[in-house]
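Thanks for sharing this one. Here are a few notes to read alongside the model.

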Protein chains: 2
Amino acid sequence: MAYRATEKTRAAQAERREVLLAEAGNLVAAGGFSAASVKAIAENCGVSVGSVYSYFDGRADLLAAVFRRGADQELNEVRMAVAEHSGAADRLRALVETFARRAIRGRQMAWSLLFEPVDPRVDEERLVYRGSYVELTTAILRDGIEEGELPEQHVGIAAAALIGAISESLTGRLSPVPVELPETFSDDDIVDAILQLCLRAVGFAA
Amino acid sequence: MAYRATEKTRAAQAERREVLLAEAGNLVAAGGFSAASVKAIAENCGVSVGSVYSYFDGRADLLAAVFRRGADQELNEVRMAVAEHSGAADRLRALVETFARRAIRGRQMAWSLLFEPVDPRVDEERLVYRGSYVELTTAILRDGIEEGELPEQHVGIAAAALIGAISESLTGRLSPVPVELPETFSDDDIVDAILQLCLRAVGFAA
């Protein structure tokens, strides 16, 4: 019986941690990491600040967990979209379009995941996820070269360049402080401009 | 006479601040922001930790000042290189080559300026400098389109993409944790691969 009680307690704890994480995620999606204070999370969940700290090893640990959750979801969506296509051009298109469209739709979260100045712990997670995107892109380019769709090139460098290009070119559209993009430029135009640039960069005919 | 004394005091203070900043810069260039502790700076300059804090509003303020100094120097070198050339292709080449070659030569400093996880105050400075590089690149692309060297494109997006591509593709070579780049790939090969990719991306013939 004692064993069962422990299991139950653990499940309840995991569930409470989950609730706190989900609320922190909502706050980040609405106002960025800066809006996800432990105080706000505690208040919105009806618990004490001390109780939040009993589930996380400080605010940086909590934000890093929120980051991983959000970044995992994005990475999975992009991976699934890529897996639905074949051929380097179509897979690259799926990668760029999924990444960019989802970022534009969930603007604040995308800005926070990609660029918001935040604790170095989160920055460290960012470098890991960028590595995952570069790996995914490397595999696409390698296949493209093997199949004769793409010219020979250093795939590691090209893949890193594409991920840098996609995320940096989205900054203007994502930044909470709007950058000088003409109003007449629609979200579709932006995604298309990024896509064409990426395709040209690795050697697909324009 | 009192006026003169104040002026002298100010000059002496500015000089001492300068010495601390220079030493902090040396530590960052050798081991990254993480190596530039206030304790190490104080010890190397033969002053007390408290004395360092009398010149800076905390460690983040000091690191942000080191960042601005390092980033200013890089930006100026790139601007000067670009100004020495005419025509979009040659100016873009000057930008990419100067940025990349200097980053590879001063690897640890470049990694710290571009990517090292660090206080959000420094991250905020990073966004500002990226903006300056994007502006410089935008001007080059705009001229290239006007002169008929480049096809019509959204210059703001393309410029941001190029800056993202250049910095991200350098990560492998800059990272203190080496990434999977073949040893046979020289620094020149890397700079050339990045350059070719950037030229193709904006529509110069490969």
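1. Chain B superposes on chain A with an RMSD of 0.0 Å after a turn of 180° and a shift of 0.0 Å along the axis (least squares on C-alpha atoms of residues with pLDDT of at least 70 in both). The two copies are thus related as by a two-fold rotation axis. They also meet through the same surface, because 100% of the interface residues of chain B are interface residues in chain A too.

2. A word on conventions: this is a predicted model, where local features need pLDDT of at least 70 and side-chain atom pairs count only at pLDDT 80 or more, while totals for chains, interfaces and linings use all residues. Residues are numbered from 1 along each chain as its sequence is written, chains are lettered from A and ligands numbered from 1 in the order written, and side-chain values use heavy atoms, without hydrogens and water.

3. Chain A splits into domain 1 (1-56) and domain 2 (67-202), with bounds from an automatic or database domain assignment. Their centres, over C-alpha atoms, lie 31 Å apart.

4. Between these domains of chain A, about 690 Å² is buried, 62% of it from carbon and sulfur atoms (accessible area, 1.4 Å probe, lost on being put together and summed over both parts). On the domain 1 side, Val28(A), Ala29(A) and Phe33(A) lose the most area, together 61% of what that side buries.

5. One salt bridge is counted between the two domains of chain A (side-chain nitrogen of Lys or Arg within 4 Å of a carboxyl oxygen of Asp or Glu). Arg69(A) forms a salt bridge with Glu18(A), with the closest N and O atoms 2.4 Å apart.

Methods:
Buried area = accessible area lost by both parts, 1.4 Å probe. Contact = heavy atoms within 4.5 Å.
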